[in-house]
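User: Please take a close look at one part of this model, the contact between its chains, and describe what lies on and behind it.

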Amino acid sequence: MAAKPEQETPAVFDEHRLEMIRLARKINEEAGIGGEPQWTIEELRRSMEASGIRAEDNEGSRELLRMRYGSDYDEWYGNASNRASVTSSDGSIAMPSKATADPAILNKQERARLLRMAEDADAAAGILGEPEGTVQDLRRRMEESGIRPEDNIASRELLRMRYGDESDD
Amino acid sequence: VAILLWDASALLKRFVVETGSATVDALCDASATEHLCTTLTYVEVAAAIRRRFNQNRLDADQFRDARQFLRTAVFAAANFELRSLTNADIFGAIDLVDRHNLNSADGAILHAYLAHALLAQAAGNSSLLIASHRRLLRAALLEGLRVLDPETVGEADVPVILAAL
């Protein structure tokens with residue numbers, strides 16, 4: 001991916017990762033948790049369960065997401081279909097990929113602001129309310145009115161808007 | 001989770017009947033996917049629908065419904081994200097324009113998608129650019145993005161392609 005800045009190239013990324021590992025080891029040592037673990041990960045999880053932590057509560061991963069998204073995450077997680085989309089069959093929670101932490105993704109407020117702008121623009125063009133039927137019904141009506149799918153008129157026109165009459169080679 | 005990065009040339013097929021519309025439906029309806037387009041992509045699709053109406057290729061009802069479906073498809077879906085074009089995307093486009101003969105908007109959008117794909121990769125997610133624009137597809141491929149042209153892939157193949165990401 002040559003578009004990314006130099007510090008994001010794979011080689012530099014690996015270099016940064018090694019540096020982060022070194023830094024994490026240093027911080028652990030300073031916190032008194034240096035060295036290698038004495039238990040296996042399974043033994044560690046068993047000891048947690050023995051101390052009363054219920055696996056099905058997913059407390060750790062939910063708290064992590066709450067730290068990232070605040071109340072947005074609770075609202076999102078409160079929706080059953082959202083919850084189902086990230087909960088594996090074993091009950092563990094997969095990270096929603098919005099957790100890519102891309103700072104350019106619109107936050108809830110900005111998204112709502114742009115939706116209002118889109119609604120206002122549509123309303124000014126006489127487009128009010130929500131669509132009826134399905135998008136497939138709409139496309140069927142287009143075909144019935146004589147639009148031939150194979151002409152790809154809209155997407156070809158879009159490319160003309162981008163590049164004029166230059167061919168898409 | 002597969003993150004589908006939508007170019008306007010493909011997203012438009014959801015709202016206007018074209019070759020690949022059924023494939024776009026299959027991609028939009030696929031489970032374990034998240035969808036992303038830039039704010040400019042949204043406006044490009046809205047503009048293309050308007051242009052077809054102004055050229056009398058869509059009637060008033062079709063125009064209205066297509067724009068309504070665009071708005072709900074992007075804003076009402078919990079798994080459809082909108083991404084801003086940052087100044088870094090816009091100036092990062094210069095290099096992409098030079099190397100791939102893209103226009104400035106396509107260069108900025110491609111830069112945004114490359115940046116997002118890199119973050120997604122670090123989080124363990126795969127990305128796939130969906131476009132029906134050969135020049136953009138070729139540029140994206142050369143930059144290391146996986147790509148899919150709905151005009152050349154049948155809807156029946158979508159689950160296999162997504163599973164292989």
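Analyst: The account below starts with the interface, follows its salt bridges, and ends with the strands of one chain.

This is a predicted model, in which local features need pLDDT of at least 70 and side-chain atom pairs count only at pLDDT 80 or more, while totals for chains, interfaces and linings use all residues. Residues are numbered from 1 along each chain as its sequence is written, chains are lettered from A and ligands numbered from 1 in the order in which they are written, and side-chain values use heavy atoms, with hydrogens and water left out.

Chain B brings 75 residues to the contact and chain A brings 59 residues, where contact means heavy atoms within 4.5 Å. Between them the two chains bury about 5900 Å², and 55% of this lies on carbon and sulfur atoms. Buried area here is the accessible area (1.4 Å probe) that two parts lose on being put together, summed over both. On chain B, the residues B:Val17, B:Phe69 and B:Arg71 supply 12% of the area that this chain buries against chain A, more than any other three residues.

The rule finds 12 salt bridges across the interface of chain B and chain A, and a search of the whole structure finds 26 over all chains. A salt bridge is a side-chain nitrogen of Lys or Arg within 4 Å of a carboxyl oxygen of Asp or Glu. The interface also has 34 residue pairs in polar contact, both residues being at pLDDT 80 or more. A polar contact is a pair of N or O atoms within 3.5 Å; within protein, one must be able to donate a hydrogen and the other to accept it, and residues adjacent in sequence count only if both atoms are side-chain atoms. Helix H4 (residues 60-75) of chain B gives the most to the side of chain B that touches chain A, with 13 residues. Helices (H or I, at least four residues) and strands (E, at least two) are DSSP runs, numbered from the N terminus. By class, this side of chain B has 31 nonpolar, 18 polar and 26 charged residues. Ala, Val, Leu, Ile, Met, Phe, Trp, Tyr, Cys and Pro count as nonpolar, Asp, Glu, Lys and Arg as charged, and the others, Gly among them, as polar.

B:Arg71 takes part in two of the bridges described here. With A:Asp122 the N to O distance is 2.8 Å. A:Asp122 lies in helix H6 (residues 108-124) of chain A and B:Arg71 in helix H4 of chain B, so the pair joins two chains. Both ends are buried: A:Asp122 has 3% relative accessibility and B:Arg71 has a relative accessible area of 5%. Buried means under 20% relative accessible area, exposed over 50%, and partly exposed in between (1.4 Å probe, protein chains only). With A:Glu130, B:Arg71 forms a salt bridge whose closest N and O atoms are 3.8 Å apart. A network of salt bridges links A:Asp122, A:Glu130, B:Arg67 and B:Arg71.

B:Asp65 is found in helix H4 of chain B as well. Its salt bridge with A:Arg141 has its closest N and O atoms 2.6 Å apart, and the pair crosses between chains, with A:Arg141 in helix H7 of chain A. B:Asp65 is buried at 5% relative accessibility, whereas A:Arg141 is partly exposed at 31%. Not counting residues up to four places away in sequence, B:Asp65 touches A:Leu138 and A:Arg141.

Helix H7 (residues 135-144) of chain A also holds A:Arg140 and A:Asp137, which are three residues apart and so separated by about one helical turn. These two form a salt bridge, with the closest N and O atoms 2.9 Å apart. A:Arg140 is partly exposed at 46% relative accessibility, as is A:Asp137 at 30%.

Chain B has eight helices and five strands, and 60% of its 165 residues count as buried. In strand E2 (residues 33-38) of chain B, six of the six residues are buried, so the strand is largely enclosed by the rest of the structure. B:Thr33, B:His35 and B:Cys37 point one way from E2(B), and B:Glu34, B:Leu36 and B:Thr38 the other way. Strand E1 (residues 2-6) of chain B pairs with E2(B) in the parallel sense over four bridges, and B:Ala2 stands opposite B:Thr33. Two strands pair if DSSP finds at least two bridges between them. Four bridges also join E2(B) to strand E3 (residues 80-83) of chain B, again in parallel, with B:Leu82 in E3(B) as the bridge partner of B:Cys37.
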